[in-house]
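User: I'm new to this structure and would like a close look at just one part of it. Please pick a helix with its surroundings and walk me through it slowly.

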Amino acid sequence: MQQGFLGIDVGSVSTNFVILAEDARVIETLYIRTKGQPIKTIKAGLQHVRNILKGKMEIIAAGATGSARNLSGIMVGADIIKNEITAHAVAVSRIIPDAQTIFEIGGQDSKIIILRNGIVTDFAMNTVCAAGTGSFLDQQASRLSIPIEDFGKMALAARNPVRIAGRCGVFAESDMIHKQQLGYNLEEIIAGLCEALVRNYLNNVGKGKEILAPIVFQGGVAANGGIAKAFEEILGQKVTVPKYYDVMGALGVAYLALRNYRETGITKFKGLVTADYEFIAKSFECKGCANNCEIINIHQNDSLLARWGSRCGKWEHLDH
């Protein structure tokens, strides 16, 4: 039976899975909405992977990344648990070895990663504004009753994009409504929104960064051709959207899990049977000091599997 390697990226908006073969070929990718239920979504993803493989391939190692990387890593017994910056950089370096700048715009966060000779030398993430994220686009698509999948095509069809004030989400939405009332068509407004999002991204996330080509644009928002076009027009440089643009984090930790297994021959992966386990998250507030830390317990069936949240280390031991 073939052996495979699994990468899992659990974010606030999407949960992504990538399966690699022993020779690092991508066998399958999966992009599903997290919908605020990461445990349920991770189990659904594992079940999907099990159905796809149907005994043809055995997953022998796994890696986890994303904002819920600790949770997913504990659940499946991941061999590698890495932050998104590292995971994205690893994936891009494998696909486009000479890449020097990575734009990543996801559902609720965005980041820029500066690479030089394949090494991460600088990065930044959005901190104060949601106008430069996919959630803001989702919100505007819902308000306009337009499927988000059509946003890119409509933006590319615009002849004269209208300027939208995109310095924050509130101003952008207010300005869009104002421009609609002035009679601009939706294509021009959506194209203007794409340009506003890009200006917001470059002025906040990319501020002060040395943006050099080759530039890679990834994350769920990279599906929107209007955003990629706006980047190219504002920067005057080509922007490449890689084939696996929406699962690059999962791809990166899958590569890392494969490499770790090749180097050590050891794995902690629990197997796809994890999809059948019951996991419950519970929390309480520690009253031991003024920090009042929120302590999170993860239970697998009836056993306490993991615990985190304590600043002082008081709750590090599971038998506490």
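Analyst: One term first: a residue counts as buried when its relative accessible area is under 20%, and as exposed when that area is over 50%, with partly exposed in between. Also keep in mind that this is a predicted model.

Now let's settle on helix α8, which covers residues 225-235. Just at its start, N224 reaches in with a side-chain oxygen, within 2.8 Å of the backbone nitrogen of G226. At the other end, just after α8, you'll find G236 with a positive phi of about 70 degrees.

So which residues of α8 are buried? They are G226, I227, A228, A230 and F231. As a group, these buried residues pack against quite a list of neighbours: the strands β6, β9 and β10, plus the helices α4 (134-144), α5 (151-157) and α7 (186-204).

Those three strands belong to one sheet. It's an open sheet of five strands with mixed pairing, and its order is β8-β7-β6-β9-β10. Strands β8 (119-125) and β10 (239-240) are the edges, each pairing on one side only. Further in, β6 (residues 101-105) and β9 (residues 215-218) run parallel and are joined by four bridges. If you want a spot to look for, T101 stands opposite I215 in β9. As background, strands of a sheet pair through backbone hydrogen bonds, either parallel or antiparallel.

Now let's zoom in on the rings. The structure has seven aromatic pairs. One of them is F217 with F231, an edge-to-face pair with ring centres 5.1 Å apart and 70 degrees between the planes. This pair links distant parts of the chain, since F217 is in strand β9 and F231 in helix α8, 14 residues apart.

Where do these two rings sit, buried or exposed? F217 has 0% relative accessibility, so it counts as buried. F231 also comes out at 0%, so it is buried too.

They have company as well: F103 and Y201 join F217 and F231 in one aromatic cluster. By its number, F103 falls within the 101-105 stretch of β6, while Y201 falls within the 186-204 stretch of α7.

To pull it together, picture α8 with N224 at its start and G236 just after it. Its buried residues pack against strands and helices, and F231 adds its ring to the aromatic cluster.

Conventions
Residues numbered from 1 in each chain as written. Predicted model: local features only at pLDDT ≥ 70, side-chain atom pairs only at ≥ 80, totals over all residues. Heavy atoms only, no water. Pairing = 2+ DSSP bridges. Helix = DSSP H or I, 4+ residues; strand = E, 2+ residues; numbered from the N terminus. Buried < 20%, exposed > 50% of the residue type's maximum accessible area, 1.4 Å probe, protein only. Contact = heavy atoms within 4.5 Å. Polar contact = N/O pair within 3.5 Å; in protein donor to acceptor, adjacent residues only side chain to side chain. Phe/Tyr/Trp six-rings, centres within 6.5 Å; stacked < 30°, edge-to-face > 60°.
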